[in-house]
Structures are given as structure tokens and as C-alpha cells.
Amino acid sequence: ETEELDVCVEVDVETRVEVEADPPGGSSCFAEDTYELTIDVVSTSPPTDPPTNPSPSDSPSEMPSSPIERCNVNVGVTCTPSGESGDCGSIIVSRTRCEQRPLAMVFKYNGGTCDQSDNIQPQTLFSCFDFFGGPPTTPGETSFILVTDIKGGSIVYHQGPVAVGDRYLVADQSFLVDANMNITIYRNGITIGENLLQTLVYHSSCSQNLFLKDRFGASQLVVFVNEKQGQVTCFFNATYTISLENSFNNLGSSSANLTSLLGNIEVGNLNIP
């Protein structure tokens with residue numbers, strides 16, 4: 001099973017598998033395994049490289065059976081970055097500096113007020129203002145986000161509804177982005193003062209301090225693309241491998257059949273049947 005993981009936010013990702021074996025002539029037995037991946041993110045003192053910390057565990061268990069017939073089942077879970085040979089814990093959470101004007105950027109809409117901003121752009125380049133309590137923080141709640149240049153909105157990089165927790169693309173076809181951008185968040189698509197929740201200006205050309213994972217009010221930079229660095233992203237595809245070992249011992253008889261899989265594979269907040 002493959003799942004995309006975000007290494008730009010602090011999160012504990014737990015993958016848990018439970019199995020049950022039911023041999024033809026013996027008692028049922030159970031096993032489970034959990035793969036835990038902890039991602040620690042530090043505030044902006046770029047660049048720093050805190051590693052992720054894997055913590056696989058193996059906890060097989062066996063139900064009592066008759067002295068003659070014994071059932072043994074074991075399950076293991078491993079996590080590997082897709083296309084690589086190392087463990088998911090080998091991924092380095094780096095705060096990469098943007099070194100050339102981007103062709104495109106992707107922001108994650110976290111919601112929330114200007115107070116959560118985390119970047120080192122000076123006040124002459126970054127400013128942020130909240131209205132009516134600021135944007136929502138409830139996952140899934142939708143706001144209308146408008147991203148333009150600061151010259152009056154002649155270039156529109158994004159406009160449309162975005163749910164808290166989702167990402168939105170900032171781009172102008174194949175053109176390089178402007179030196180400065182305005183992000184304005186409204187309660188809905190009626191872009192009038194009564195619906196205004198947050199507006200901010202930041203420096204987007206990368207000639208000044210701009211880093212992956214920087215937070216500008218309710219939005220966080222999670223991807224940027226330029227010709228020099230290519231695509232720099234917070235995300236990697238993690239492949240979860242589940243291994244099962246099931247044996248049945250009755251004076252040398254053949255293996256028992258695996259009859260049921262208990263529960264779901266839990267990948268972060270996602271349940272995979």
C-alpha cells in the first residue's frame with residue numbers, strides 16, 4: 001500500500017495491522033504489528049535538518065491451544081520511501097531555501113490567524129492582517145482564496161474555494177511569478193469587505209528569504225518549482241509492506257489457512273480497508 005506523507009508538519013503516523021489465524025484443528029491465534037513514524041518540525045531558524053524517527057514494533061501473540069496442536073501467526077509492517085531502499089525514518093526534514101524565481105508554488109491552507117506566521121522576511125516585505133477573527137481552522141471548512149500580484153490584481157494566480165487542510169496551486173501558466181504577491185481570504189466567493197477574513201503581502205521571487213515550509217498567515221508553502229532546483233516538496237510517497245507468517249504444527253502437518261484480517265491498516269488519519 002502506498003500513501004503520500006507530509007514531512008512539513010509535526011505528526012505521528014501510525015500504521016497498524018492485526019491478523020487472526022484459525023487452524024482446522026486448533027485454537028485461533030492473533031498477531032499485530034505497528035510502524036510508528038514521528039515527524040518533528042522546528043520553527044524558522046533556517047536551514048535545519050531534524051530527522052524523522054521510525055519506531056517499528058513487533059508484538060505477536062499466541063492463544064492457548066492443545067498440547068498437540070499449536071497455531072503461530074506473525075505479522076510485520078515496514079515503510080520504505082517509494083523508489084528508494086532506506087527506511088521512511090531516513091527522510092531528512094530540511095527547510096530548503098528557494099534560490100530562483102519560481103514558475104509555480106503550492107500552499108497548504110492551514111487556516112488560522114496571522115499570529116501563526118513563521119518566516120524570516122522583514123516587515124518591509126511581509127505584512128498580514130486579520131478581520132472578523134481570521135480564517136477558520138476546522139478541517140474541511142471552506143474559504144475563498146484569491147492570490148494576485150500587488151499591482152492591483154492584473155495577474156491572478158489562484159481564485160476559488162479551498163478547504164482547511166487542502167492545497168492550492170499558485171501559478172500563471174508558464175510565466176515566472178511576480179516579485180510580490182497578495183493572498184486574500186474571504187468567507188465565501190462574494191469578495192466584499194463583510195466577508196474578508198485575512199489579507200497579506202509576501203515576497204515571492206526568492207531574491208529575499210523564502211523557504212519551504214514558511215508560513216504566511218493561514219497558508220504554508222509546501223512546494224515550489226524553478227528551473228535551478230526543480231520541484232522542491234514537503235511530500236514523499238511511502239510504501240507500506242505487510243508480511244504474514246502463519247504456521248500450524250500438528251505432528252508435522254501442513255500450515256493452517258489465514259481466515260481473517262482484523263481491523264484496518266491505519267496510515268495517519270486514513271483508514272485503508
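The exercises below work through a predicted model of one protein chain.

**Exercise 1. Overall make-up**

Task: State how many helices and strands the chain has, and what share of its residues is buried.

Solution. Begin with secondary structure: the chain has 19 strands and zero helices. Next, take burial: of the 273 residues, 44% are buried. The exposed surface of the chain is about 13,200 Å², and carbon and sulfur atoms supply 49% of that area. Finally, turn to contacts with a separation of 6 or more: 70% of them are between residues 24 or more positions apart.

**Exercise 2. The sheet that contains S12**

Task: Give the strand order of the open sheet of five strands and name its edge strands.

Solution. The order is S7-S12-S11-S8-S9, and the pairing is antiparallel. The edges are strand S7 (127–130) and strand S9 (156–163), each of which pairs on one side only. On average, neighbouring strands of this sheet are turned by 10° against each other, direction ignored. At the S7 edge, four bridges connect S7 and S12 in the antiparallel sense. Within this pairing, Asp130 stands opposite Gln198 in S12.

**Exercise 3. The partners of S14**

Task: Determine which strands pair with S14, and say how many residues of S14 are buried.

Solution. Start with burial: strand S14 (residues 219–226) is mostly covered, with seven of its eight residues buried. Then list the pairings.

- Strand S6 (residues 104–109) runs antiparallel to S14 and is joined to it by six bridges; here Met105 stands opposite Phe224.
- S13 pairs with S14 in the antiparallel sense over two bridges, and Arg215 stands opposite Gln220.
- Strand S15 (residues 230–233) pairs with S14 in the antiparallel sense over four bridges, with Gly230 as the bridge partner of Asn226.

Last, look at the connections. The hairpin of S13 and S14 has two residues between the strands, and Gly217 there takes a positive phi near 60°. The hairpin from S14 to S15 passes through three residues.

**Exercise 4. Two disulfides**

Task: Locate the two disulfides and assign the handedness of each.

Solution. One disulfide joins Cys98 to Cys206, with an S to S distance of 2.0 Å. Its torsion about the S-S bond is about 90°, so this disulfide is right-handed. Cys98 lies in the loop between strand S5 (70–81) and S6, and Cys206 in the loop between S12 and S13, so the bond ties together parts 108 residues apart in sequence. Both Cys98 and Cys206 are buried.

The other disulfide joins Cys114 to Cys128, again at S to S 2.0 Å. The torsion about the S-S bond of Cys114 and Cys128 is about -75°, so this disulfide is left-handed. Cys114 is in the loop between S6 and S7 and Cys128 in strand S7, 14 residues apart. Both Cys114 and Cys128 are buried.

**Exercise 5. The surroundings of Ser204**

Task: Decide whether Ser204 is buried or exposed, and find what its side chain reaches.

Solution. First place the residue: Ser204 is in the loop between strand S12 (196–203) and strand S13 (215–216). Its relative accessibility is 0%, and the cut-off for buried is under 20%, so Ser204 counts as buried. Next come the polar contacts: the Ser204 side chain reaches the backbone oxygen of Asp178 at 2.7 Å and the backbone nitrogen of Asn180 at 3.5 Å. Beyond its neighbours within four places in sequence, Ser204 is in contact with residues including Pro102, Met105, Val177, Met181 and Leu210. One of these, Met105, is the residue that stands opposite Phe224 in S14.

Methods. Residues numbered from 1 in each chain as written. Predicted model: local features only at pLDDT ≥ 70, side-chain atom pairs only at ≥ 80, totals over all residues. Heavy atoms only, no water. Buried < 20%, exposed > 50% of the residue type's maximum accessible area, 1.4 Å probe, protein only. Contact = heavy atoms within 4.5 Å. Areas by Shrake-Rupley, 256 points an atom, 1.4 Å probe, with all protein chains shown as cover. Polar contact = N/O pair within 3.5 Å; in protein donor to acceptor, adjacent residues only side chain to side chain. Pairing = 2+ DSSP bridges. Axes fitted to C-alpha atoms, helices over the stretch in contact; angles between N-to-C directions. Disulfide = S-S within 2.5 Å.
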